[in-house]
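Here's a quick briefing to read with the coordinates open in your viewer. Have a look around first, then come back for the notes.

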Amino acid sequence: MSVLTNPSLLLIRNSEELTGKSILVVNFAQDGFLTELKKLNPQSKITAFSYNHANGEFAKNTKDVDICIDHTISGHSYDLVILYYPKSKPELLMTLDNIRAVITTDAKLLVVGENKSGVKSIEKQLAGKTVYSNKIDSAKHCVLYSFSEIKQHLHFDITQYHKRFLVTVADTEFTAISVPGVFNHGGLDIGTKVLLENAPTIKQGKVLDFGCGAGLIATFLGLKNPALDFVCSDVSALATYATEQTLKLNSIKGEALLSDGLNSITGKFDLIISNPPFHTGISTDYTVAEAFLSNAKQHLTKTGKLNIVANSFLKYTPILETQFDNYQTVFKSNKFAVYSS
């Protein structure tokens, strides 16, 4: 059996619960669970859904399992849904509504998660939406719940979860659209604000907004310089969807692209600008940002620039020194630093 995360181990320990004709796994982990689930259900149709492109890349060669990476769960008639509890509560509530729109009347929902993720509040979050709820098992700091006789949600429409908000920064004002699960949902975070207040002047050319979130950086630069052309990348299908909505609303020309780091990025840019992600789960994790900084140079034109903002405590300077002949600290406070190279 391939390596399994603790939530997956708890599921497999309760394998008698894991049977259905049409099974949907939501927010699946990067482990061997889908393969094990298929072994338990050789005749069943199994669909694995995630908002996260990296999960999709990890699982894309799983035999006889349909992998779907999108901002909305499609399909219908799932009689068993297995949900890995997500980090974001607004995302969870939206996902639960989406699940209730694609299940059969007699479907069973299993919810698994680590204690620290907040999974223990799932019964409260589904109150009034299911008749039966049952805590089945707990082990390795994880809990597994089962729900049945679930009230169906007639129609799921992600536009009902749009959050419009006004962004005011550096003499520029615009409206953005976000959806649950997007970084700093419904607001301009301080790091991005500092980055935009110290953004370089660029009149024309191609710009990569890396880790685009709701598309705030591209929209800000595009409003200042309409000649710019944008590629906005993010690992989250919710983020690329939100970015598309924000760009369209502000008539900015650009495309939103799903990419795990720079893996799906081709071509060269006159500016790469980012508030790079450095959190995975609860602890600080540099891997995405480090890989991004190490590979950004090959995506820059000869006169191309890289501009990033980072928490002052992050050790980015040694990487910048290694990768770029010279870089400047454009701004520094006790919280944030903006680097340009």
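What follows is a short tour by topic: empty space, one helix, the cysteines, two backbone outliers and a histidine.

Keep in mind that this is a predicted model, so local features are reported just where pLDDT is at least 70. Rolling a probe the size of a water molecule over the atoms shows where empty space is left. That search, run over the whole structure, turns up one cavity of 30 Å³ or more, and there is also a second largest pocket with about 160 Å³ of space.

**The cavity**

- The largest cavity holds about 30 Å³ of space.
- Its walls come from Leu96, Ile99, Arg100, Ile103, Leu109, Leu126 and Ile150.
- Helix H4 (89-100) and strand S5 (103-114) are the elements that each give two or more residues to this lining.
- H4 is the top contributor, with three residues.
- By residue type, the lining of the largest cavity splits into six nonpolar, no polar and one charged.

**The second largest pocket**

- Lining this pocket you'll find Lys297, Leu300, Thr301, Lys302, Gly304, Phe324, Asp325, Asn326 and Ser341.
- If you're thinking about polarity here, the lining residues of the second largest pocket break down into two nonpolar, four polar and three charged.

**Helix H6**

- Helix H6 covers residues 190-197, and its buried residues are Gly191, Thr192, Val194, Leu195 and Leu196.
- An α-helix has 3.6 residues a turn, so residues three or four places apart point the same way.
- The cover over the buried residues of H6 includes two elements outside the later strands, namely strand S8 (163-169) and helix H7 (216-224).
- Strands S13 (269-274), S16 (300-311), S17 (328-332) and S18 (336-340) are also among the elements covering those buried H6 residues.
- At the start of H6, Asp189 puts a side-chain oxygen within 3.3 Å of the backbone nitrogen of Gly191.

**Cysteines**

- How many disulfides does the model have? The count comes to zero.
- Take Cys212: its sulfur has its closest cysteine sulfur in Cys232, 5.2 Å away, and that is too far for a bond because a disulfide needs the two sulfurs within 2.5 Å.
- Cys212 counts as buried, at 6% relative accessibility.
- Cys142 is buried too, with a relative accessible area of 1%.

**Positive phi angles**

- Most residues other than glycine have a negative phi, and most peptide bonds are trans.
- Asp64 has a positive phi, near 60°, and is not a glycine.
- Asp64 sits in the loop between helix H3 (53-59) and strand S3 (66-69).
- Is Asp64 buried or exposed? Its relative accessibility is 60%, so Asp64 counts as exposed.
- Ser251 also has a positive phi, about 55°, without being a glycine.
- You'll find Ser251 in the loop that links helix H8 (237-249) and strand S12 (254-258).
- With 68% relative accessibility, Ser251 counts as exposed.

**His299**

- His299 belongs to the loop between helix H9 (287-296) and S16.
- Its relative accessibility is 9%, under the 20% cut-off, so His299 counts as buried.
- What does His299 touch, leaving aside its neighbours within four places in sequence? Its contacts are Leu262, Ile265, Thr266, Gly267, Lys268, Phe269 and Ile272.

Technical notes: Residues numbered from 1 in each chain as written. Predicted model: local features only at pLDDT ≥ 70, side-chain atom pairs only at ≥ 80, totals over all residues. Heavy atoms only, no water. 1 Å grid on protein atoms, 1.4 Å probe; cavity = no way out; pocket = protein on both sides within 12 Å on 5 of 7 lines; lining within 4 Å. Points joined across faces, edges and corners; volume = space filled by probe spheres on them. Nonpolar A, V, L, I, M, F, W, Y, C, P; charged D, E, K, R; others polar. Buried < 20%, exposed > 50% of the residue type's maximum accessible area, 1.4 Å probe, protein only. Helix = DSSP H or I, 4+ residues; strand = E, 2+ residues; numbered from the N terminus. Contact = heavy atoms within 4.5 Å. Polar contact = N/O pair within 3.5 Å; in protein donor to acceptor, adjacent residues only side chain to side chain.
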